Amino acid sequence: MNPWALVALCSVPFVMVLGNSMLIPVLPALQQALDISAVQVGLLITAFSVPAGLLIPVAGALSDQYGRKIIMVPALILYGAGGLLAGAAALWLNEPFPYILGARVVQGMGAGGTYQLAMTLAGDLLPPGRRARALGLLETSNGAGKVASPLLGSLLGVVAWFAPFFFYGALAIPAALAVWGGVPEGPPKGQRFSQYFSGLKSVAREKGISLLGAYLAGAVSLFLLFGALATFSDQAEAVYGLRHVWKGLALAVPVTGSAACAYVAGRWLAGKPERVQPTLLAGLSLAGAALAAVPFVHGLFPRLATLLFLGAGVGTALTPANTAVTGAVGAARRGAITCLYGSMRFFGVALGPPTFSLMMESGWSSAALYWAGALLAWGTAAAAALAFRPGRLVARFGQGPSEA
């Protein structure tokens, strides 16, 4: 795969991550403009993420049968169209919330065939020795989108609270064209369905527990990151008085740490399968330590420092999880296995903000909330340590695309 094809592929996670991250800094403005509750405004994140999470495995299975690009390119166009519909509803309707919610569902349906298929296609096109670095770049691009999106959301929010919705279409359609024209397709597809599903059952029997550990690590990491970001988004205005671009800069701190550590982890893991498990455990442990420290700091800069370490832990954990999942099977079933992992990541994103909000509204103290998050991160690390058994996933993912 040539460098320009990799750039085009990296545009997909960058565009996709804006679907949620760009709205986080404007959630209070959306809540005020639409006159809705905190839980309702959190549903704008959930309405995007749940359909994506449900459809990602479907997109993966279809891509195994018909090819990656023929699924990914229309999905990118649908993603952009959903954003345009949400913006149009906000601009022209008197009671736009139900229609914006529906448009977010449409947008999430498109997102279901984007980033995970980009990871899958990278796994198809690159040999094992180069795969971890490319996946690190894809995760870094995803992180770069998280860095840019609070700034973009804040700047666009100054123009109008609904302006971010229109921005999706302006980015998604060019990305779709770049992938269609600049990225080669993976290996030929089209097994008989009976043979295909028989192979998936074999993978589940042989590697299911180890894959479940990687899936859990990805979902929990993003659940904690987005829950903490949504909580801090509220506190940034109410407690620290941050608005607009300053708020966007503050929200960019933890995701900058995540993007940087995802890139470093990709280089660290290149050609070194034995490093996957310890790197994953180190990332989850760091995320847990950062969450545990939050109740002990109160000023803006100490709080940002703890969130920076949270982001660093999440970025460190995601790249080895990505690498293990995409390398666990060959190209014939990589779409289904990788996209099921992607759906778990999306459910983590979807559940994070409303769960954190509900816990706060139910009377949980801030300290109890963050300590519960720390225990979840450490518990996930313990589960992953037990799940990654030699010979089942990590020790075999470096064998190459011919593996079952």
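Guide: A cavity is a set of points, on a 1 Å grid over the protein atoms alone, where a 1.4 Å probe fits but cannot get out, and its lining residues have an atom within 4 Å of a point. Its volume is the space filled by probe spheres set on the points, which are joined across faces, edges and corners. This is a predicted model, in which local features need pLDDT of at least 70, side-chain atom pairs count only at pLDDT 80 or more, and totals for chains, interfaces and linings use all residues. Residues are numbered from 1 along each chain as its sequence is written, while side-chain values use heavy atoms, with hydrogens and water left out.

Visitor: How much space lies in the largest cavity?
Guide: A search of the whole structure finds two cavities of 30 Å³ or more. The largest is lined by 13 residues, and Met16, Val17, Asn142, Phe346 and Val349 are the ones that lie nearest its centre. At least two residues of this lining come from each of α1 (3-21), α6 (115-125), α7 (128-159), α9 and α13 (331-361). The space in this largest cavity is about 140 Å³.

Visitor: Which element gives the most to the lining of the second largest cavity?
Guide: About 50 Å³ of space lies in the second largest cavity, and its lining is made of Ser21, Ile24, Pro25, Lys146, Ser149, Pro150, Leu229, Leu251 and Val255. Two or more of these residues come from each of the elements α7 and α10. The element that gives the most, with three residues, is α7.

Visitor: How many helices are there in the protein?
Guide: Helices (DSSP runs of H or I, at least four residues) and strands (runs of E, at least two) are numbered from the N terminus. From the N terminus on, each element in the order of the protein is an α. Beside zero strands, the number of helices is 14.

Visitor: What share of the residues of the protein count as buried?
Guide: With a 1.4 Å probe and protein chains only, a residue is buried under 20% relative accessible area, exposed over 50%, and partly exposed in between. One helix that is mostly covered is α6, where ten of the eleven residues are buried; among them are Tyr115, Leu117, Met119 and Asp124. For the protein, with its 404 residues, the share that counts as buried is 58%.

Visitor: On which side of α2 do its buried residues lie, the same side or opposite sides?
Guide: Helix α2 covers residues 27-34, and Leu27, Pro28, Leu30 and Leu34 are buried in it. Because these residues cover an arc (taken from the directions from the helix axis to the C-beta atoms) of only 160° around the axis, they lie on the same side.

Visitor: Which helix gives the largest share of the largest nonpolar core?
Guide: A nonpolar core is a set of buried Ala, Val, Leu, Ile, Met, Phe, Trp, Tyr and Cys residues joined through side-chain atoms within 4.5 Å. The largest core here has 105 residues, and those touching the most other members are Leu30, Met72, Ile100 and Leu310. Its largest share is 14 residues, and they come from residues 193-238, which form helix α9.

Visitor: What is the relative accessible area of Leu30?
Guide: Leu30 has its place in helix α2, and, not counting residues up to four places away in sequence, Leu30 touches Leu23, Asp35, Val41, Leu44, Trp161 and Phe165, where contact means heavy atoms within 4.5 Å. Leu30 also lies 9.6 Å from Phe97, C-alpha to C-alpha, although the two are 67 residues apart in sequence. Leu30 is buried, and its relative accessible area is 0%.

Visitor: What is the phi of Asp35 near?
Guide: Most residues other than glycine have a negative phi. Asp35 is found in the loop between α2 and α3 (38-66), and Asp35 is exposed, with a relative accessible area of 69%. Its phi is positive, in a residue other than glycine, and lies near 55°.

Visitor: How far apart in space are Val253 and Val147?
Guide: Val253 belongs to helix α10 (residues 244-269) and counts as partly exposed, at 24% relative accessibility. Leaving out residues up to four places away in sequence, Val253 touches Leu304 and Leu308. Val253 and Val147 are 106 residues apart in sequence, yet their C-alpha to C-alpha distance is 7.4 Å.

Terms used
On a 1 Å grid over the protein atoms alone, a cavity is a set of points where a 1.4 Å probe fits but cannot get out, and a pocket is an open set with protein on both sides within 12 Å along at least five of seven lines; lining residues have an atom within 4 Å of a point.
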